Amino acid sequence: MKRVLITGAAGSIGRCLRQHLQGVYDELRLADIAPQAPAGPGETVVQTDIRDMAALEKAMEGIECVVHLAGIPVEGPWETVRDLNIDGCYNAYEAARRQGVKRFIFASSNHAVGFHKRENLLDDSVVPRPDTRYGVSKVFGEALGRLYADKHGLSVACLRIGTFRDHDAPLESRQLLSWVSHRDMTQLVQRCIDHPEYHYIVAYGVSNNRRSRWNNDGVAFLGYQPQDDSEVFAEAILAKGIVEDPIAARFHGGFFCPLEFTGNVDRID
Ligand code: 15L
């Protein structure tokens, strides 16, 4: 894969990938609706709205691999989730198909499986269990990926990303499980771009955290070897003595779970 397009390139993960992948591929095409820094060597910068299929098709001309990061990264009103993460995500897969893109890497999220109990270790075979409308949109993106892989032969990787932060460190106790460092995130994406052949995979975007509850054995063939462990931050974080919300603490999705919650936690098996 020599010509790579990143959507949402002006976001947190996009900027990190831009910084670390500059010069690695023949062309790194950077698409975002927001203004971006001017193109450096090997880069092309395009202003693209993922709600505009024609613009996305144009942005994907000649591209071999799409890294689709664009969308709303948190819970939001249905209209926003629908426009950006449902319609926008469909547009991205469909534009990729029309342009003959070979591989599609989808920024999914742990919130696609957020209502699984934290006491259970999660691998790539667990059933969807979204904790928000945002989580539902990530389940949708994973399902579209499965469809486009099976029906159209697109090679697809869905990354259930944990906690990625600009400051590159975990800040609270749940993030000791879910944190993914900049270099590990970059390595995972790069392995997914560079691997010669896979059909459809799901991987967790998480560092080598001693407290991680997510298992990537199913994608060991990728050779992803995360370098960072949140444990080095554990003492300082735990010393703050901040107690997690009781609903958040039960589930993988953490603080997304109690948002607008009107259910019965004891019925969630
Ligand atoms: C996500 O999917 C969000 O994009 C991010 O902002 C974090 O909240 C992260 O999950 C998390 O679970 O910590």
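**Exercise 1.** Where does glutamate 260 lie relative to α8 (246-250)? Work that out, then classify the residue as buried or exposed.

*Solution.* This is a predicted model, so keep that in mind throughout.
- Start with the location: glutamate 260 falls in the segment after α8, the helix that spans 246-250.
- Next, check the backbone. Its phi is about 60°, a positive value, although glutamate 260 is not a glycine.
- That's worth flagging, because most residues other than glycine have a negative phi.
- Finally, accessibility. Exposed means over 50% relative accessible area. Glutamate 260 comes in at 55%, so it counts as exposed.

**Exercise 2.** Find the loop that holds aspartate 168, then decide how accessible the residue is.

*Solution.*
- Look between β6 (155-161) and α5 (175-178): the loop there contains aspartate 168.
- Its phi is near 55°, again positive in a residue other than glycine.
- For accessibility, you need both cut-offs: under 20% is buried, over 50% is exposed, and partly exposed is in between.
- Aspartate 168 has 29% relative accessibility, so it counts as partly exposed.

**Exercise 3.** Place serine 108 in its secondary structure element and say whether it is buried or exposed.

*Solution.*
- Serine 108 belongs to strand β5, residues 103-109.
- Its relative accessible area is 3%. Buried means under 20%, so serine 108 is buried.
- For a bit of geometry, pair it with arginine 133, which is 25 residues away along the chain. The C-alpha atoms of the two are 13 Å apart.

**Exercise 4.** Describe the ligand's surroundings: the site, the shell and the polar contacts.

*Solution.*
- Site first: the ligand sits in the largest pocket.
- Now list the neighbours. Pro73, Ser109, Asn110, His111, Tyr134, Gly162, Thr163, Arg165, Arg174, Phe255 and Phe256 surround the ligand.
- Sort that shell by class and you get four nonpolar, five polar and two charged residues.
- For polar contacts, the cut-off is 3.5 Å between N or O atoms. Proline 73 uses its backbone: one of its N or O atoms there is 2.5 Å from a ligand oxygen.
- Histidine 111 uses its side chain instead, with an N or O atom 2.7 Å from an oxygen of the ligand.
- Threonine 163 also contributes a side-chain N or O atom, 2.6 Å from a ligand oxygen.
- Last, the coverage: on its own the ligand has 320 Å² of accessible area, and the protein covers 88% of that.

Notes: Residues numbered from 1 in each chain as written. Predicted model: local features only at pLDDT ≥ 70, side-chain atom pairs only at ≥ 80, totals over all residues. Heavy atoms only, no water. Near = heavy atom within 4 Å. Polar contact = N/O pair within 3.5 Å; in protein donor to acceptor, adjacent residues only side chain to side chain. Areas by Shrake-Rupley, 256 points an atom, 1.4 Å probe, with all protein chains shown as cover. 1 Å grid on protein atoms, 1.4 Å probe; cavity = no way out; pocket = protein on both sides within 12 Å on 5 of 7 lines; lining within 4 Å. Sits in = over half its atoms within 2 Å of the grid points. Nonpolar A, V, L, I, M, F, W, Y, C, P; charged D, E, K, R; others polar. Helix = DSSP H or I, 4+ residues; strand = E, 2+ residues; numbered from the N terminus. Buried < 20%, exposed > 50% of the residue type's maximum accessible area, 1.4 Å probe, protein only.
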